[in-house]
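Here is a short report on one protein chain. Please read it with the structure open.

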Amino acid sequence: MIITFLGTGTSQGVPVIACTCDVCLSADKHDKRLRTSILIEAEDKTIVIDSGPDFRYQMLREHVMKLDAIVFTHEHKDHVAGMDDIRAFNYKQQKAIDIYATERVQQGLRREFSYIFDNFKYPGIPQVEMHTIDKEPFNIGSVNLTPIEVMHYKLAVLGFRLRDFTYITDAKTVSDTEKKKIKGSKILVINALQKENHISHFTLDEAIAFAKEIGAEKTYFTHISHRLGKHADVNPLLPAGIELAYDGLKIEI
(Lines give C-alpha, C1' and ligand atoms only; values in the text may rest on other atoms or scores of the structure.)
Protein backbone atom coordinates (compact mmCIF):
# COMPACT_ATOMS: atom_id res chain seq x y z
CA MET A 1 0.00 0.00 0.00
CA ILE A 2 1.40 3.41 -1.00
CA ILE A 3 0.62 6.66 0.82
CA THR A 4 1.26 9.92 -1.04
CA PHE A 5 1.17 13.30 0.67
CA LEU A 6 -0.97 15.33 -1.71
CA GLY A 7 -0.60 18.44 0.44
CA THR A 8 1.09 19.32 3.72
CA GLY A 9 0.08 22.95 4.19
CA THR A 10 -2.42 24.61 6.48
CA SER A 11 -5.63 26.36 5.41
CA GLN A 12 -3.94 29.14 3.41
CA GLY A 13 -1.28 26.92 1.88
CA VAL A 14 2.34 27.97 1.39
CA PRO A 15 3.17 30.41 -0.10
CA VAL A 16 0.41 32.58 1.35
CA ILE A 17 -1.20 35.07 -1.02
CA ALA A 18 0.59 38.45 -0.95
CA CYS A 19 3.10 37.33 1.71
CA THR A 20 6.75 38.31 1.29
CA CYS A 21 8.26 36.33 4.19
CA ASP A 22 11.34 34.17 3.57
CA VAL A 23 9.28 30.97 3.54
CA CYS A 24 6.76 32.22 1.01
CA LEU A 25 9.54 33.54 -1.24
CA SER A 26 11.59 30.33 -0.94
CA ALA A 27 12.55 28.56 -4.16
CA ASP A 28 12.78 25.22 -2.34
CA LYS A 29 10.07 22.84 -3.55
CA HIS A 30 9.70 21.59 0.03
CA ASP A 31 8.31 25.01 0.97
CA LYS A 32 5.49 24.78 -1.60
CA ARG A 33 2.65 23.31 0.42
CA LEU A 34 -0.86 22.67 -0.89
CA ARG A 35 -3.76 22.07 1.48
CA THR A 36 -3.45 18.92 3.58
CA SER A 37 -4.55 15.61 2.08
CA ILE A 38 -3.22 12.11 1.44
CA LEU A 39 -3.73 9.51 -1.28
CA ILE A 40 -3.99 5.83 -0.35
CA GLU A 41 -3.32 3.33 -3.12
CA ALA A 42 -4.12 -0.27 -2.23
CA GLU A 43 -4.35 -3.21 -4.62
CA ASP A 44 -8.11 -2.91 -4.95
CA LYS A 45 -8.98 0.67 -3.89
CA THR A 46 -7.77 4.22 -4.41
CA ILE A 47 -8.80 6.50 -1.55
CA VAL A 48 -8.25 10.15 -0.70
CA ILE A 49 -8.48 11.54 2.83
CA ASP A 50 -9.92 15.06 2.47
CA SER A 51 -10.48 16.95 -0.79
CA GLY A 52 -9.36 20.51 -0.16
CA PRO A 53 -9.29 23.50 -2.53
CA ASP A 54 -6.23 22.06 -4.34
CA PHE A 55 -7.82 18.67 -5.05
CA ARG A 56 -7.97 19.09 -8.84
CA TYR A 57 -4.30 20.01 -9.15
CA GLN A 58 -3.26 17.28 -6.71
CA MET A 59 -5.03 14.66 -8.83
CA LEU A 60 -3.34 15.96 -11.99
CA ARG A 61 0.10 16.22 -10.38
CA GLU A 62 0.01 12.63 -9.12
CA HIS A 63 -1.59 11.28 -12.32
CA VAL A 64 -4.46 9.71 -10.39
CA MET A 65 -6.51 7.76 -12.93
CA LYS A 66 -9.03 6.14 -10.59
CA LEU A 67 -10.78 7.17 -7.39
CA ASP A 68 -13.02 4.92 -5.32
CA ALA A 69 -13.65 6.94 -2.16
CA ILE A 70 -13.06 10.10 -0.18
CA VAL A 71 -12.86 9.94 3.60
CA PHE A 72 -13.38 13.22 5.45
CA THR A 73 -11.74 14.22 8.70
CA HIS A 74 -14.04 17.21 9.25
CA GLU A 75 -16.03 19.85 7.39
CA HIS A 76 -13.72 22.87 7.36
CA LYS A 77 -13.34 24.49 3.94
CA ASP A 78 -9.67 23.59 3.51
CA HIS A 79 -10.61 19.91 3.78
CA VAL A 80 -13.76 19.72 1.65
CA ALA A 81 -13.75 22.54 -0.94
CA GLY A 82 -12.53 20.42 -3.85
CA MET A 83 -15.22 17.74 -3.73
CA ASP A 84 -16.93 19.15 -6.84
CA ASP A 85 -14.00 17.96 -8.95
CA ILE A 86 -14.85 14.30 -8.46
CA ARG A 87 -17.08 14.84 -11.52
CA ALA A 88 -14.18 13.83 -13.77
CA PHE A 89 -13.95 10.47 -12.02
CA ASN A 90 -17.74 10.05 -12.17
CA TYR A 91 -17.60 10.53 -15.93
CA LYS A 92 -14.63 8.23 -16.51
CA GLN A 93 -15.75 5.47 -14.16
CA GLN A 94 -19.50 5.82 -14.80
CA LYS A 95 -20.33 5.46 -11.13
CA ALA A 96 -20.77 7.45 -7.94
CA ILE A 97 -17.84 8.08 -5.61
CA ASP A 98 -18.20 6.68 -2.10
CA ILE A 99 -18.03 9.37 0.59
CA TYR A 100 -17.26 8.41 4.21
CA ALA A 101 -18.06 11.00 6.87
CA THR A 102 -19.73 11.44 10.22
CA GLU A 103 -23.33 12.67 10.31
CA ARG A 104 -22.15 16.15 11.33
CA VAL A 105 -19.69 16.34 8.46
CA GLN A 106 -22.36 15.12 6.04
CA GLN A 107 -24.57 18.02 7.14
CA GLY A 108 -21.68 20.38 6.36
CA LEU A 109 -21.24 18.85 2.91
CA ARG A 110 -24.95 19.23 2.22
CA ARG A 111 -24.71 22.93 3.11
CA GLU A 112 -21.55 23.49 1.09
CA PHE A 113 -22.65 21.50 -1.96
CA SER A 114 -26.42 21.81 -1.78
CA TYR A 115 -26.80 21.35 -5.55
CA ILE A 116 -25.37 17.83 -5.30
CA PHE A 117 -28.10 16.78 -2.90
CA ASP A 118 -31.09 18.62 -4.43
CA ASN A 119 -34.03 16.54 -5.58
CA PHE A 120 -33.51 18.05 -9.03
CA LYS A 121 -30.30 16.56 -10.39
CA TYR A 122 -28.74 19.10 -12.70
CA PRO A 123 -26.83 17.36 -15.53
CA GLY A 124 -23.14 16.88 -14.81
CA ILE A 125 -23.17 17.43 -11.04
CA PRO A 126 -20.99 15.19 -8.87
CA GLN A 127 -22.43 11.79 -8.04
CA VAL A 128 -21.82 10.55 -4.53
CA GLU A 129 -22.82 7.62 -2.35
CA MET A 130 -22.80 8.66 1.32
CA HIS A 131 -21.62 6.33 4.08
CA THR A 132 -21.91 7.27 7.74
CA ILE A 133 -18.93 6.60 9.98
CA ASP A 134 -18.33 7.20 13.69
CA LYS A 135 -15.54 5.97 15.93
CA GLU A 136 -15.92 2.32 14.93
CA PRO A 137 -13.48 0.70 12.46
CA PHE A 138 -14.72 0.29 8.88
CA ASN A 139 -13.52 -1.18 5.60
CA ILE A 140 -13.22 0.22 2.10
CA GLY A 141 -12.46 -2.91 0.13
CA SER A 142 -9.33 -4.41 1.64
CA VAL A 143 -8.46 -1.17 3.45
CA ASN A 144 -9.37 -1.19 7.14
CA LEU A 145 -9.55 2.20 8.83
CA THR A 146 -9.80 2.84 12.55
CA PRO A 147 -11.10 6.36 13.33
CA ILE A 148 -9.30 8.32 16.03
CA GLU A 149 -11.14 11.27 17.54
CA VAL A 150 -9.03 14.33 18.32
CA MET A 151 -10.11 17.80 19.35
CA HIS A 152 -9.55 20.79 17.07
CA TYR A 153 -10.24 23.33 19.83
CA LYS A 154 -13.90 22.41 20.52
CA LEU A 155 -14.54 20.54 17.26
CA ALA A 156 -14.18 16.77 17.09
CA VAL A 157 -12.04 15.74 14.12
CA LEU A 158 -11.24 12.23 12.95
CA GLY A 159 -7.78 10.87 12.29
CA PHE A 160 -7.35 7.37 10.91
CA ARG A 161 -5.13 4.37 11.50
CA LEU A 162 -4.38 1.98 8.63
CA ARG A 163 -2.26 -1.01 9.61
CA ASP A 164 0.75 0.50 11.42
CA PHE A 165 0.20 3.97 9.93
CA THR A 166 -1.73 6.73 11.75
CA TYR A 167 -2.75 9.99 10.08
CA ILE A 168 -3.98 12.97 12.12
CA THR A 169 -4.51 16.59 11.15
CA ASP A 170 -6.00 19.57 13.04
CA ALA A 171 -5.36 18.22 16.53
CA LYS A 172 -4.88 20.28 19.67
CA THR A 173 -5.71 17.64 22.26
CA VAL A 174 -6.02 13.85 22.19
CA SER A 175 -7.64 11.84 24.97
CA ASP A 176 -5.91 8.90 26.64
CA THR A 177 -8.57 6.60 25.21
CA GLU A 178 -7.79 7.67 21.64
CA LYS A 179 -4.03 7.58 22.24
CA LYS A 180 -4.37 3.85 22.94
CA LYS A 181 -5.58 3.40 19.33
CA ILE A 182 -2.46 5.19 18.05
CA LYS A 183 0.20 3.51 20.16
CA GLY A 184 2.00 0.73 18.36
CA SER A 185 1.95 2.62 15.06
CA LYS A 186 5.24 2.41 13.21
CA ILE A 187 4.51 5.60 11.27
CA LEU A 188 2.72 8.62 12.76
CA VAL A 189 1.61 11.71 10.86
CA ILE A 190 0.56 14.66 13.02
CA ASN A 191 -0.03 18.38 12.53
CA ALA A 192 2.64 20.91 13.54
CA LEU A 193 1.32 24.33 12.57
CA GLN A 194 3.88 26.83 13.88
CA LYS A 195 6.23 27.58 16.77
CA GLU A 196 3.91 30.04 18.55
CA ASN A 197 0.91 28.88 20.57
CA HIS A 198 -2.33 28.31 18.65
CA ILE A 199 -5.85 27.74 19.94
CA SER A 200 -6.69 24.74 17.78
CA HIS A 201 -3.45 23.21 16.44
CA PHE A 202 -0.36 21.56 17.87
CA THR A 203 2.65 23.84 17.94
CA LEU A 204 6.01 22.44 16.91
CA ASP A 205 6.97 21.71 20.52
CA GLU A 206 3.58 20.13 21.25
CA ALA A 207 3.85 17.95 18.16
CA ILE A 208 7.35 16.82 19.17
CA ALA A 209 6.13 15.97 22.68
CA PHE A 210 3.18 14.03 21.26
CA ALA A 211 5.43 12.14 18.85
CA LYS A 212 7.75 11.14 21.70
CA GLU A 213 4.79 10.00 23.80
CA ILE A 214 3.45 7.79 21.01
CA GLY A 215 6.89 6.44 20.21
CA ALA A 216 6.44 5.55 16.56
CA GLU A 217 9.53 4.50 14.63
CA LYS A 218 8.95 7.41 12.25
CA THR A 219 6.89 10.59 12.65
CA TYR A 220 6.08 13.08 9.94
CA PHE A 221 4.70 16.56 10.61
CA THR A 222 2.03 18.00 8.31
CA HIS A 223 -0.55 20.83 8.19
CA ILE A 224 2.38 23.26 8.30
CA SER A 225 2.10 27.06 8.00
CA HIS A 226 4.65 29.54 6.68
CA ARG A 227 5.21 30.62 10.28
CA LEU A 228 6.99 27.35 11.10
CA GLY A 229 10.01 28.32 9.02
CA LYS A 230 11.82 26.96 5.99
CA HIS A 231 11.92 23.20 5.56
CA ALA A 232 15.71 23.31 5.19
CA ASP A 233 16.10 25.21 8.46
CA VAL A 234 13.59 23.33 10.63
CA ASN A 235 14.01 19.73 9.48
CA PRO A 236 17.67 19.27 10.61
CA LEU A 237 16.80 20.48 14.12
CA LEU A 238 14.10 17.87 14.74
CA PRO A 239 14.75 14.90 17.04
CA ALA A 240 15.80 11.59 15.53
CA GLY A 241 12.93 9.79 13.85
CA ILE A 242 10.92 12.97 13.23
CA GLU A 243 10.77 14.81 9.91
CA LEU A 244 8.69 17.42 8.15
CA ALA A 245 6.52 15.86 5.46
CA TYR A 246 6.39 17.58 2.08
CA ASP A 247 4.10 17.55 -0.94
CA GLY A 248 4.67 14.50 -3.12
CA LEU A 249 6.35 12.41 -0.41
CA LYS A 250 5.52 8.72 -0.84
CA ILE A 251 5.80 6.02 1.80
CA GLU A 252 4.99 2.32 1.68
CA ILE A 253 3.11 0.69 4.52
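## A pairing beside the aromatic cluster

In this predicted model, Phe 160 has Tyr 167 of strand β10 as its bridge partner. The two strands concerned are β9 and β10, residues 165-167. They pair in the antiparallel sense, over three bridges.

Phe 160 also belongs to an aromatic cluster. The other members are Tyr 100 and Phe 138.

## The seven-stranded sheet

β9 and β10 sit within an open sheet of seven strands. The order is β7-β8-β9-β10-β11-β12-β13, and the pairing is mixed. Which strands stand at the edges? They are β7 (138-140) and β13 (242-244). Each has a single partner strand, so one side of each is left without a neighbour in the sheet. From one strand to the next, the twist averages 30 degrees.

Helix α7, residues 204-214, lies across part of this sheet. The strands it crosses are β11 (187-191), β12 and β13. Relative to β11, the helix runs at about 155 degrees.

## The N-terminal strands

Strand β1 covers residues 2-7 and pairs with β2. The sense is antiparallel, with five bridges. Gly 7 stands opposite Ser 37 of β2.

β2 spans residues 37-41 and is mostly covered, with four of its five residues buried. β2 also pairs with strand β3, residues 46-49. That pairing is antiparallel too, over four bridges. Glu 41 has Thr 46 in β3 as its bridge partner. Four residues form the hairpin connection from β2 to β3.

## Nonpolar cores

The largest nonpolar core holds 27 residues. Val 71, Phe 160 and Phe 165 have the most contacts inside it. Strand β9, residues 155-162, gives the most to this core: three residues.

What does Phe 165 touch, leaving aside residues up to four places away in sequence? Its contacts are Ile 3, Ile 38, Phe 160, Ile 187, Val 189, Ile 251 and Ile 253. A second, separate core has 26 residues. Among them are Val 157, Ile 168, Leu 188 and Leu 244. In soluble globular proteins, nonpolar side chains tend to be buried together.

## Aromatic pairs

How many aromatic pairs does a search of the whole structure find? The count is six. One of them joins Phe 5 and Tyr 220, with ring centres 6.0 Å apart. Their planes meet at 55 degrees, so the pair is tilted. This pair links distant parts of the chain. Phe 5 is in strand β1, while Tyr 220 is in strand β12, residues 218-222. The two are 215 residues apart. Phe 5 is buried, at 0% relative accessible area. Tyr 220 is buried as well, at 9%.

Phe 202 and Phe 210 form another tilted aromatic pair. Here the distance is 5.3 Å centre to centre, with 40 degrees between the planes. Both Phe 202 and Phe 210 are buried.

## Cysteines without a disulfide

A search of the whole structure finds zero disulfides. Why do Cys 19 and Cys 21 form no bond? The sulfur of Cys 19 has its closest cysteine sulfur in Cys 21, 3.5 Å away, which is too far for a bond. The cut-off for a disulfide is 2.5 Å. Seen from Cys 21, the closest cysteine sulfur is that of Cys 19.

Are these cysteines buried or exposed? Cys 19 is partly exposed, with a relative accessible area of 23%. Cys 21 is partly exposed too, at 25% relative accessibility.

## Backbone exceptions

Val 14 and Pro 15 are joined by a cis peptide bond, with omega about 5 degrees. Pro 15 is placed in the loop between β1 and β2.

Two non-glycine residues deserve a look for their phi values. For His 63, phi is near 55 degrees, a positive value. His 63 lies in the loop between α1 (55-61) and β4 (69-71). At 63% relative accessibility, His 63 counts as exposed. Asp 170 has a positive phi of about 60 degrees. Its loop runs between β10 and α6 (176-182). Asp 170 is buried, with a relative accessible area of 2%.

How values were computed: Residues numbered from 1 in each chain as written. Predicted model: local features only at pLDDT ≥ 70, side-chain atom pairs only at ≥ 80, totals over all residues. Heavy atoms only, no water. Buried < 20%, exposed > 50% of the residue type's maximum accessible area, 1.4 Å probe, protein only. Pairing = 2+ DSSP bridges. Phe/Tyr/Trp six-rings, centres within 6.5 Å; stacked < 30°, edge-to-face > 60°. Core = buried A, V, L, I, M, F, W, Y, C linked by side-chain atoms within 4.5 Å. Contact = heavy atoms within 4.5 Å. Axes fitted to C-alpha atoms, helices over the stretch in contact; angles between N-to-C directions.
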